[in-house]
Structure formats: structure tokens, C-alpha cells
Amino acid sequence: MKNFVKLFAVLCVSLFLVLFSCNQNKSADSPETILKGQATVFVDETITPIVEDQVAVFESEYQAKIKLQSQSEAETVVSLVNAKGGIAILARDLTADELKIFKQRKISPKVTPFATDAIAFVVNRNSKDTLVALQDVISFMKGQEVAGIKGLVFDNLNSSTVRYLRELAGLKDIPQKGIFSFKTNDEVIKHVSDNDGLIGVVGVNWLSQPKPAMKQFIDNLVTLRVKGLKGNGYYLPSQNDIAEKKYPLARDLYIINCQGYSGLGMGFASFVGGDIGQRIVLKSGLLPIRIPTRKFTITNNQNDDK
């Protein structure tokens with residue numbers, strides 16, 4: 001009888017361990033859903049700060065873990081294509097050729113615009129200039145000498161800021177003279193902060209939401225007012241000027257989901273495009289695609305009639 005009891009106890013323990021192990025394996029191998037699981041998001045480095053804010057809140061609300069991979073625009077697109085079904089955040093939509101690649105894989109990318117960003121021109125605080133004409137910047141990029149511009153400093157020759165201005169100027173290649181490039185927007189900010197006579201070209205979000213270590217460098221910069229190719233007004237990359245379509249270097253931001261299934265890409269895009277995500281955009285200094293509504297509570301105060 002005792003042997004039977006011992007054998008029964010051993011069998012119960014063994015069964016429990018098997019069930020526990022199966023449950024653990026099932027948990028570890030549980031499929032990704034729109035609000036749970038892990039995913040990698042490739043992001044254009046020029047818009048990294050706003051994406052980091054969105055991811056931090058999203059992860060705090062749901063059982064999700066998003067790994068951000070910050071790169072130049074060109075590298076981000078390559079990573080998205082090589083992932084054969086990933087998630088990317090860009091300052092442009094996919095091109096026809098890029099769409100063709102995913103259609104060949106029978107994947108229909110889901111594109112969600114979520115904010116309007118801007119490219120900002122910054123100079124050292126010692127500079128006497130606070131205004132710049134976009135036509136002068138274009139002329140300088142074409143190799144012409146322009147009074148007041150000694151050089152343009154970009155984050156990366158493969159970045160979205162370079163591509164944007166290159167297309168605006170109608171150039172296939174960027175001239176070597178007077179053009180400087182680094183790796184990140186932070187490096188551009190530091191270099192321009194320490195050197196007079198240069199114009200830094202950065203994503204405005206790096207100025208509106210600086211890291212603590214960067215504040216001293218940003219405090220030594222002035223954001224230039226820009227005159228567009230049409231009109232005579234000079235405008236800042238502020239929410240108001242962007243909303244009124246006055247600032248000439250505004251650009252829309254997109255979440256591009258090429259997962260091809262109902263995964264975190266879908267959930268994250270819905271979150272960023274929803275009320276909470278749009279409030280995060282508004283607080284960051286960028287312009288939301290949809291302005292979040294404000295709720296007012298009207299109460300009857302007994303003192304109103306007095």
C-alpha cells in the first residue's frame with residue numbers, strides 16, 4: 001500500500017512537471033497579437049524622439065516589447081525590405097518600386113500617417129542672421145556661393161533631410177564643397193553649436209525634445225526663420241506655422257506596416273493614430289494628423305446667481 005502511495009505521488013509530480021513545462025513552452029511560443037508580443041520597428045533617425053515617446057507609452061499600456069532600430073532613411077528602407085514583412089516609420093510613403101517588391105511577396109503594406117514634422121535650419125547663437133531664404137540654400141547646394149552660408153551640416157548623406165533637399169533642388173548628387181555630414185542629429189547639433197557660420201539641417205523634433213545631455217548645445221543654437229520658394233514671409237517650424245501651411249519644409253510621417261498579418265504593427269499604428277498617440281504628438285511639438293478633442297464639464301454652481 002505504501003509503495004502504491006509513493007508511486008501515485010511520483011506520477012502526480014511528474015504529471016505536474018509535464019503540464020507546467022508544456023504551459024511554459026506554449027507561453028514562450030505564443031503568437032504575436034496586435035497588443036502582445038515582440039517586434040522590431042525600423043525608424044528614420046531624424047524622427048526617433050517622437051517614436052521613442054510613442055513606444056514607451058505603448059509598452060506601459062500593453063504586454064508588448066518593441067525594439068527600435070534607428071537608422072538613416074535609406075538604411076531603414078533596406079531593413080524593411082530585407083525583413084520580408086516588418087514595420088518601419090518614415091518621413092515619406094513607399095515608392096512605386098518599393099511597393100512592387102511587397103506585392104510580389106503578396107503583402108499589401110498598411111500605411112498610417114500620424115504626424116507632420118519639419119526640417120529645421122539652425123545656426124550658432126553668435127550668428128547675426130536669423131532669417132534664411134530656401135532659394136539661397138538650394139543655390140548653395142548647387143555649388144553657388146551665397147552670402148551668409150559657409151556650409152550646410154547634415155546628419156547623414158543617406159538621411160531623409162538630404163533626400164528632401166536634394167529632390168527640392170533637383171539634384172542627383174550632393175556636391176562635396178561646403179557640405180558636411182555626420183551620423184546623427186545630435187552630432188549635427190553639437191558641431192553647429194561649437195562652430196560659427198554653419199547651418200545645421202535637423203529634424204525639428206530633436207530641438208523640441210532634447211535629451212538632458214544635449215540641452216546645453218541646443219541653448220547655444222538659434223532656429224532660423226525660413227522664406228519659402230513662394231511668398232515673402234519668413235516662418236519658424238512651429239506647430240502653428242506648420243498647421244497653417246506657412247512653413248515650407250514640413251513633411252508628413254508614416255507608419256508602414258508590412259507584416260502581412262494581425263501583429264503588433266497593426267496595434268501600434270492604431271495606438272499612435274488614436275487619441276493617446278495623437279496627444280503624445282501634440283505634446284512633442286509636432287502637428288498631429290488629428291487634433292485630439294478636449295472635453296469640458298459644465299456644472300451648475302450655486303454661486304452663479306449671486
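**Stop 1: Val132 and its sheet**

Select Val132 and then Val226 in β10, its bridge partner. What you have open is a predicted model, so treat each stop as a look at a prediction. Now widen the selection to the whole of β5 and to β10, residues 225-227: the two strands run parallel and are joined by three bridges. Add β11 and you have an open sheet of three strands, in the order β5-β10-β11, with mixed pairing. Which strands stand at the edges? They are β5 (131-133) and β11 (234-235); each has a single partner strand, so one side of each is left without a neighbour in the sheet.

Next, pick helix α5, residues 134-141. This helix packs on the sheet and touches both β5 and β10. Turn the view until you can compare directions: α5 makes about 60° with β5.

**Stop 2: strand β12 and its partners**

Move along to β12, residues 250-257. Is this strand mostly covered or mostly open? Mostly covered: six of its eight residues are buried. Bring in β3 (residues 87-90), which runs antiparallel to β12 and is joined to it by four bridges. Ala88 is a handy marker here, as it stands opposite Ile256 in β12.

Then show β4, which also runs antiparallel to β12, with eight bridges between them. To find your place on that pairing, select Asp117 and its bridge partner in β12, Arg251.

**Stop 3: Gly203, with no surface showing**

Arg251 leads on to Gly203, since the two are in contact. Gly203 belongs to strand β8, residues 198-203. At 0% relative accessibility it counts as buried. What is Gly203 in contact with, leaving aside neighbours within four places in sequence? Select Thr46, Ala118, Asn185 and Arg251. Draw a distance from Gly203 to Thr46, C-alpha to C-alpha, and you should get 5.1 Å, although the two are 157 residues apart in sequence.

**Stop 4: the nonpolar cores**

Now go for the largest nonpolar core, which has 70 residues. Rather than selecting the lot, start with Ile89, Phe121, Leu152, Leu165 and Ile189, the members that touch the most other members. Which strand gives the most to this core? That is β4 (residues 110-124), with eight residues. Apart from this core lies another, of 12 residues, and Val81, Phe102, Ile107 and Ile256 are among them. You have met Ile256 already, opposite Ala88.

Stay on Phe102 for a moment and add Arg105: its charged end sits over the Phe102 ring, 5.7 Å from the centre.

**Stop 5: two lysines in loops**

Just along the chain, select Lys106, in the loop between α4 (96-104) and β4. Check the backbone angles: phi is positive, about 60°, although this residue is not a glycine. Lys106 counts as exposed, at 80% relative accessibility.

Then jump to Lys245, in the loop between α10 (239-243) and β12. Here too phi is positive, about 60°, and the residue is not a glycine. Lys245 is exposed, with a relative accessible area of 74%.

**Stop 6: the aromatic cluster and α11**

How many aromatic pairs does the structure hold? Four. Select Tyr62 and Phe271 for one that is edge-to-face, 6.5 Å centre to centre with 90° between the planes. This pair links distant parts of the chain: Tyr62 lies in the loop between α2 (48-61) and β2 (63-71), while Phe271 lies in helix α11 (residues 264-273), 209 residues away. Tyr62 is partly exposed, with a relative accessible area of 31%, whereas Phe271 is buried, at 8%. Add Phe58 and Phe268 and you have the cluster that ring pairs link together with Tyr62 and Phe271.

While you are here, show all of α11: eight of its 10 residues are buried, including Leu264, Phe268, Ala269 and Val272.

**Last stop: zoom out**

Finally, show the whole protein chain, with its 12 helices and 13 strands. Of the 306 residues, 43% count as buried. Among contacts with a separation of 6 or more, residues 24 or more positions apart account for 74%.

Notes: Residues are numbered from 1 along each chain as its sequence is written. This is a predicted model: local features need pLDDT of at least 70, side-chain atom pairs count only at pLDDT 80 or more; totals for chains, interfaces and linings use all residues. Side-chain values use heavy atoms; hydrogens and water are left out. Two strands pair if DSSP finds at least two bridges between them. Contact means heavy atoms within 4.5 Å. Axes are lines fitted to C-alpha atoms, for helices over the stretch in contact, and angles run from 0 to 180 degrees between N-to-C directions. A nonpolar core is a set of buried Ala, Val, Leu, Ile, Met, Phe, Trp, Tyr and Cys residues joined through side-chain atoms within 4.5 Å. Buried means under 20% relative accessible area, exposed over 50%, partly exposed in between (1.4 Å probe, protein chains only). Rings of Phe, Tyr and Trp (its six-membered ring) pair if their centres lie within 6.5 Å; planes under 30 degrees apart count as stacked, over 60 as edge-to-face and the rest as tilted. A charge sits over a ring if NZ of Lys or CZ of Arg is within 6 Å of the ring centre and within 35 degrees of the ring normal.
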